[in-house]
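Please open the model in your viewer and keep the selection tool at hand. The stops below are meant to be taken in order, each with something to select and something to look at.

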Amino acid sequence: MPKLTVIIPTFNEEAYLEDALFSVAFADEIIVIDSFSTDNTPEIANNYATKFLQRKFDNFSNQKNSALKEATGDWVLFVDADERVTHSLEAEIKETIQNPKHGGYKINFPHFYMNRFLYHHSDDVLRLVKREVAAFSGSVHEKLQCEGSIGKLKNKMLHFTYKGLDNYISKKESYAWFQAQQQFDKDKKATWFYLLFKPSYRFFRSFILKGGFRDGVPGMTVAAVNAYGVFERYVKLMLLRKGMR
């Protein structure tokens with residue numbers, strides 16, 4: 001019987017972590033990798049997790065890769081504290097790792113935003129992989145790498161991403177610095193064309209091409225905030241190139 005390890009990265013997630021841990025209680029091993037939370041996250045994690053690790057945060061890939069080194073399961077499922085594994089997804093994961101056809105599997109994430117799930121603003125993300133061939137790369141919006149073909153599970157992972165508009169915007173601003181630094185390190189340039197075109201296209205893609213308009217005002221709000229995040233990235237890249245950080 002293949003063993004499953006669940007890895008959950010945390011930082012000040014006391015309001016969400018316990019429910020996440022309940023939803024993955026079926027796993028053979030649960031590892032929480034924490035960035036030295038200052039709330040009750042460590043206490044909650046120690047009550048349920050098989051292993052509780054703390055590591056100073058430098059980037060998302062290094063954080064998760066460090067937890068991967070501690071994992072012992074044949075398969076690894078990555079879950080954030082604001083995500084929930086449903087019973088139907090649990091059953092599908094158990095069946096899949098017993099009779100795998102691929103080296104990794106994507107899961108669809110409809111975002112819970114302004115009291116509703118946005119099924120037209122969802123992402124397919126690689127989250128379930130064979131441990132021996134798994135690794136992350138990239139400092140923000142990290143990418144999980146695996147060997148072999150990649151499939152997709154039918155059931156969805158619930159994502160309670162919305163913690164208030166201020167929190168959502170702050171998260172975008174924080175990510176923008178990481179993304180700008182990445183582009184700066186690669187000697188990317190920020191032009192006024194990018195500053196005007198890229199955010200507009202992000203809104204168009206999210207609201208029109210992906211069907212976000214079908215989700216009403218919440219769909220429009222998500223599209224607008226995502227466009228703002230792109231705008232912030234190029235503003236910060238301009239500041240970095242001028243040596244203003």
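## First stop: a lysine in helix α4

Begin by selecting K94, which counts as partly exposed because its relative accessibility is 34%. Bear in mind throughout that this is a predicted model. Now add E90 to the selection: K94 forms a salt bridge with E90, and their closest N and O atoms are 2.9 Å apart. The two residues are 4 apart in helix α4 (residues 87-98), which means that about one helical turn separates them. An α-helix has 3.6 residues a turn, so residues three or four places apart point the same way. E90, at 16% relative accessibility, counts as buried, because the cut-off for that class is under 20%.

## From strand β10 to strand β7

Select K152 next, together with D124, and look at the side chains, which meet in a salt bridge with an N to O distance of 3.3 Å. K152 belongs to strand β10 (residues 150-159) and D124 to strand β7, so this pair ties together parts that are 28 residues apart in sequence. Both ends are partly exposed, K152 with a relative accessible area of 49% and D124 with one of 37%.

Keep the charged side chains displayed and add D80, E83 and R127, which are linked in a network of salt bridges. How many salt bridges does the structure hold? The total is 9.

## Two domains and the contact between them

Now colour the protein chain by domain, taking residues 4-159 as domain 1 and residues 165-242 as domain 2. The contact draws 17 residues from domain 1 and 20 residues from domain 2. Between the C-alpha centres of domain 1 and domain 2 the distance is 25 Å.

The size of an interface is often given as the accessible area lost when the parts come together. Here domain 1 and domain 2 bury about 1,500 Å² between them, with 59% of that area on carbon and sulfur atoms.

Which side chains meet in a salt bridge with an N to O distance of 3.4 Å? Select D123 and K210, whose side chains form that salt bridge. Between domain 1 and domain 2 the count is 1 salt bridge, and the count of residue pairs in polar contact, with both residues at pLDDT 80 or more, is likewise 1. With these still in view, highlight strand β7 (residues 117-130), which gives the most to the side of domain 1 that touches domain 2, contributing 7 residues. If you colour that side of domain 1 by residue class, you should find 8 nonpolar, 6 polar and 3 charged residues.

## Helix α3 and the strands around it

Return to domain 1, and select helix α3 (residues 60-68), which is mostly covered, as 7 of its 9 residues are buried. Those buried residues are S61, Q63, K64, N65, S66, A67 and L68. To see what lies against them, show the strands β1 (4-10), β2 (29-34), β3 (51-54), β4 (75-78) and β8 (135-137), against which the buried residues of α3 pack. Then zoom in on the start of α3, where a side-chain oxygen of N59 comes to within 3.1 Å of the backbone nitrogen of S61.

## Helices α5, α6 and α7

Move on to Q183, which you will find in helix α5 (residues 165-185). Is Q183 buried or exposed? It counts as buried, because its relative accessibility is 17%. Leaving aside residues up to four places away in sequence, Q183 touches K188, R233, Y234 and L237.

Next select E232 and K236, which form a salt bridge whose closest N and O atoms are 2.3 Å apart. The two lie 4 residues apart in helix α7 (residues 216-241), so about one helical turn separates them. E232 is buried, and K236 is buried as well.

For the last stop, select F197 in helix α6 (residues 192-209). F197 counts as partly exposed, because its relative accessibility is 41%. Finally, draw a distance from the C-alpha of F197 to that of K3: the two residues are 194 apart in sequence and 47 Å apart in space.

Conventions:
Residues numbered from 1 in each chain as written. Predicted model: local features only at pLDDT ≥ 70, side-chain atom pairs only at ≥ 80, totals over all residues. Heavy atoms only, no water. Domains from an automatic or database assignment. Contact = heavy atoms within 4.5 Å. Buried area = accessible area lost by both parts, 1.4 Å probe. Salt bridge = Lys/Arg side-chain N within 4 Å of Asp/Glu carboxyl O. Polar contact = N/O pair within 3.5 Å; in protein donor to acceptor, adjacent residues only side chain to side chain. Nonpolar A, V, L, I, M, F, W, Y, C, P; charged D, E, K, R; others polar. Buried < 20%, exposed > 50% of the residue type's maximum accessible area, 1.4 Å probe, protein only.
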